[in-house]
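Me: Please give me a close look at one part of this protein, the open sheet, together with the elements that pack on it and the core that they share.

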Amino acid sequence: PIECSFEEFTTDTQMNQILRAAHSLLLRRSDVSPSVHSLLRHQMQALQDVKHVHFGPTRVPNPSFSRLSEHWRSPIGLARLIIEGAGVNHREEALSAPAFTINMNQLFERFITAVVKDVSRGTEFGVLAQEARPFTQAVGLRPDLLLTRSGSDVAVADIKYKETDAGDFKHPDLYQVFAYCSALKLPRGLLIYGGRRELEMQRVVSSGIEIEMIGVDLDGTPSQILSSARAAARALLEVKSRVVG
């Protein structure tokens, strides 16, 4: 006997299970066009050896990607969105009516993150989404966006689809960004809101920290919305350039 090592390849991977679950959901919908339905059935044949797993809308895995699987990031992201949005079902006697729902806070955050990464592409700066950072010995932080340079954090941004209203606790969004800036030792932070809002700045008294706010107008055409989002991304890059400069 000799010692050896090997890798066993199988189609029954977590990524393929997510893809199969999304295909199954779409095949059960009555509003899918015949051409798309035919394409889905054809693709399901390639997934016939993959175990069917029922993922709850709030329990869809978020697999990690390597250099070899990076090209699956977009299909897996779309499949996760389909599964997460198919979690509401209304049943009355024999009638089943599936509803497609979208978490707009999450969708807006993903959209802005993608735009910021696109705008910053080709620069010397990196973009990290939901990256963990320490806050206290027992509590951590996960800012929506962190811009880095040579391994150091240089700017932070928080993304809100709507301005947070916490009743008697006023302006929690400002407090959140202030906590980010204070913990990360950054002099400026940016709040990006969904909605029309001109760029404005508020300075935190006695700390010198400046918090800027800007909106992304979502009422226009897709190209206009993208243009507004890119303007917000450039505002973050300007914050970044002032920090490092």
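Reply: The account below begins with the whole chain and then turns to the sheet, the helices, the core and one loop residue.

This is a predicted model, in which local features need pLDDT of at least 70 and side-chain atom pairs count only at pLDDT 80 or more, while totals for chains, interfaces and linings use all residues. Residues are numbered from 1 along each chain as its sequence is written, and side-chain values use heavy atoms, with hydrogens and water left out.

The protein has six helices and ten strands; helices (H or I, at least four residues) and strands (E, at least two) are DSSP runs, numbered from the N terminus. Of its 245 residues, 36% are buried, where buried means under 20% relative accessible area, exposed over 50%, and partly exposed in between (1.4 Å probe, protein chains only). Among contacts (heavy atoms within 4.5 Å) with a separation of 6 or more, 52% are between residues 24 or more positions apart.

The sheet is open and has six strands in the order E3-E6-E7-E8-E10-E9, with mixed pairing; two strands pair if DSSP finds at least two bridges between them. Its edge strands are E3 and E9 (200-203), each of which pairs on one side only. From one strand to the next, the twist averages 25°. Axes here are lines fitted to C-alpha atoms, for helices over the stretch in contact, and angles run from 0 to 180 degrees between N-to-C directions.

The pairings can be followed across the sheet. E3 and E6 run antiparallel and are joined by four bridges; Ala129 has Leu145 of E6 as its bridge partner. E7 and E8 run parallel, with five bridges between them, and Val156 stands opposite Gly189 in E8. E8 is also parallel to E10, and seven bridges join these two strands; one bridge partner pair is Arg188 and Glu210, the latter in E10. Six of the seven residues of E8 are buried, so this strand is largely enclosed by the rest of the structure.

Two helices pack on these strands. H4 lies across E3, E6, E7, E8 and E10, and runs at about 145° to E7. H5 (residues 172-184) packs on the sheet as well, touching E6, E7, E8, E9 and E10, and its direction makes about 170° with that of E7.

The largest nonpolar core has 23 residues, and Ile112, Leu145, Ile192 and Val216 are among those with the most contacts inside it. Such a core is a set of buried Ala, Val, Leu, Ile, Met, Phe, Trp, Tyr and Cys residues joined through side-chain atoms within 4.5 Å. The elements that give it two or more residues are H4, E6 (145-149), E7 (152-160), E8 (188-194), E10 (210-216) and H6 (222-244). H6 gives the most, with six residues. Leaving out residues up to four places away in sequence, Ile192 touches Phe108, Ile112, Asp158, Ile159, Lys160, Ile214, Val216 and Ala232. A second, separate core of 16 residues includes Ala21, Leu25, Met44 and Ile76.

Finally, Ser120 lies in the loop between H4 (104-119) and E3 (126-129). Ser120 counts as buried because its relative accessibility is 5%. Its side chain reaches the backbone oxygen of Lys117 at 3.3 Å. Apart from neighbours within four places in sequence, Ser120 is in contact with Phe125, Val127 and Leu237.

Terms used:
Polar contact = N/O pair within 3.5 Å; in protein donor to acceptor, adjacent residues only side chain to side chain.
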